[in-house]
Amino acid sequence: MDIITEIEQVFAKYKNIPYLGEGVTQLQHALQSAYEAEKARASDELITAALLHDIGHMVHDLPMEDPNYVGFWNQDDSHEVVGEKWLARGFPEAVTQPVRWHVAAKRYLVATDPEYGEILTAASMHVLQLQGGAMSPEECAEFEAMEWAQDAIAVRRWDDIGKATGRTTPGLEHFIKIAKRCARTPAQ
Ligand SMILES: [Fe+2]
């Protein structure tokens, strides 16, 4: 099965699962994040990274079928690492690396942007602590030097504003078309 079909199946399965105690579902959060990227005229790769940045929450083995799933309230599921590995089967680094580093970007922004902490929701703040809290100055310097830092920060900012209840966005099929344009053809 190609990765695009897998993505459609994952979203079909988890579209009604609430996102992290916010007022949106996993699917709505993905669509809102991708739409913010598109409105910012981001590349196909970054729009796709925004759409899929939390796919790791949906493809791990924790019990998400439970509609009251709150596993990551008390346990970091390392969804950015899970997501990167899952996506690397079908997408280039320009998609997978912003996904890999979007949690680090939050830890970086909390440390460097005084206003950033104020826009984080209570749920996101709670999870931040599980993810290691604000970066130290040394960690910030290391993060800034990384090739994907700016892309990861961009995805992070779209992620943070993609949590509004009742916002209208294009449907999944719109963003799947964009994802198809940057998917790698599987090795034969
Ligand atoms: Fe997210």
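Biologist: Which ring does the charged end of arginine 89 sit over?

Modeller: The ring of tryptophan 86, with the charged end 4.7 Å from the ring centre. Keep in mind that we're looking at a predicted model. There's another case to find: lysine 39 has its charged end over the ring of tyrosine 35, 4.7 Å from the centre.

Biologist: Let me step back. How many helices and strands does the protein chain have?

Modeller: Count 13 helices and 0 strands. Walk along from the N terminus and you read α-α-α-α-α-α-α-α-α-α-α-α-α.

Biologist: And how do I read burial? What share of the residues is buried?

Modeller: A residue counts as buried when its relative accessible area is under 20%. In this chain of 188 residues, 49% are buried. As for the surface, the chain exposes about 9,000 Å², and carbon and sulfur atoms supply 51% of that.

Biologist: Can you show me a helix that is mostly covered?

Modeller: Try helix H3, residues 44-52, where 7 of the 9 residues are buried. Those are Leu46, Ile47, Thr48, Ala49, Ala50, Leu51 and Leu52.

Biologist: Which elements do the buried residues of H7 pack against?

Modeller: H7 covers residues 93-100, and its buried residues are Val95, Thr96, Gln97, Pro98 and Val99. They pack against H3, H6 (79-87), H8, H12 (149-161) and H13 (172-182).

Biologist: Now contacts. Of those between residues at least 6 apart in sequence, what share joins residues at least 24 apart?

Modeller: The share is 73%. Valine 10 makes a good example. You'll find valine 10 in helix H1, and it counts as buried because its relative accessibility is 11%. Setting aside residues up to four places away in sequence, valine 10 touches Ile55, Met58, Val59 and Trp86. Take isoleucine 55: it is 45 residues from valine 10 in sequence, yet their C-alpha atoms are 8.2 Å apart in space.

Biologist: What about glutamate 8, also in H1? Why does it count as partly exposed?

Modeller: Partly exposed is the range between the buried and exposed cut-offs, 20% and 50%. Glutamate 8 is partly exposed because its relative accessible area is 35%. Its C-alpha atom is 8.8 Å from that of glutamate 173, although 165 residues separate the two along the chain.

Biologist: Is glutamate 36 buried or exposed?

Modeller: Glutamate 36 counts as buried, because its relative accessibility is 14%. Look for it in helix H2. Apart from residues up to four places away in sequence, glutamate 36 touches Trp158, Ile161 and Arg167.

Biologist: Where is arginine 41, and what is its phi angle near?

Modeller: Arginine 41 is in the loop between H2 (26-39) and H3. Its phi is near 60°, a positive value in a residue other than glycine. Arginine 41 counts as exposed because its relative accessibility is 78%.

Biologist: Which residues does proline 170 contact, leaving aside neighbours within four places in sequence?

Modeller: Proline 170 is in contact with Leu31, Tyr35, Glu38 and Phe175. You can spot this proline in the loop between H12 and H13. Its relative accessible area is 23%, so proline 170 is partly exposed. From proline 170 to tyrosine 35 the C-alpha distance is 7.4 Å, with their positions 135 residues apart along the chain.

Biologist: How many aromatic pairs are there?

Modeller: The count is 1. Tyrosine 108 and phenylalanine 143 form that pair, with ring centres 5.0 Å apart and 35° between the planes, which makes it tilted. The pair links distant parts of the chain, since tyrosine 108 belongs to H8 (residues 102-112) and phenylalanine 143 to H11 (residues 137-144), 35 residues apart. Both partners are buried.

Biologist: Last one: how do I read a pocket, and what is the volume of the largest one here?

Modeller: The general idea is that rolling a probe the size of a water molecule over the atoms shows where empty space is left. Here, the largest pocket has a volume of about 200 Å³. H8 and H11 each supply at least two residues of its lining. Residues lining that pocket include Arg107, Gln131, Met135, Glu139 and Phe143.

Definitions and conventions:
Residues are numbered from 1 along each chain as its sequence is written. This is a predicted model: local features need pLDDT of at least 70, side-chain atom pairs count only at pLDDT 80 or more; totals for chains, interfaces and linings use all residues. Side-chain values use heavy atoms; hydrogens and water are left out. Helices (H or I, at least four residues) and strands (E, at least two) are DSSP runs, numbered from the N terminus. Buried means under 20% relative accessible area, exposed over 50%, partly exposed in between (1.4 Å probe, protein chains only). Contact means heavy atoms within 4.5 Å. Accessible areas come from the Shrake-Rupley method with a 1.4 Å probe; for residues, only the protein chains shown count as cover. Rings of Phe, Tyr and Trp (its six-membered ring) pair if their centres lie within 6.5 Å; planes under 30 degrees apart count as stacked, over 60 as edge-to-face and the rest as tilted. A charge sits over a ring if NZ of Lys or CZ of Arg is within 6 Å of the ring centre and within 35 degrees of the ring normal. On a 1 Å grid over the protein atoms alone, a cavity is a set of points where a 1.4 Å probe fits but cannot get out, and a pocket is an open set with protein on both sides within 12 Å along at least five of seven lines; lining residues have an atom within 4 Å of a point. Grid points are joined across faces, edges and corners, and a volume is the space filled by probe spheres set on the points.
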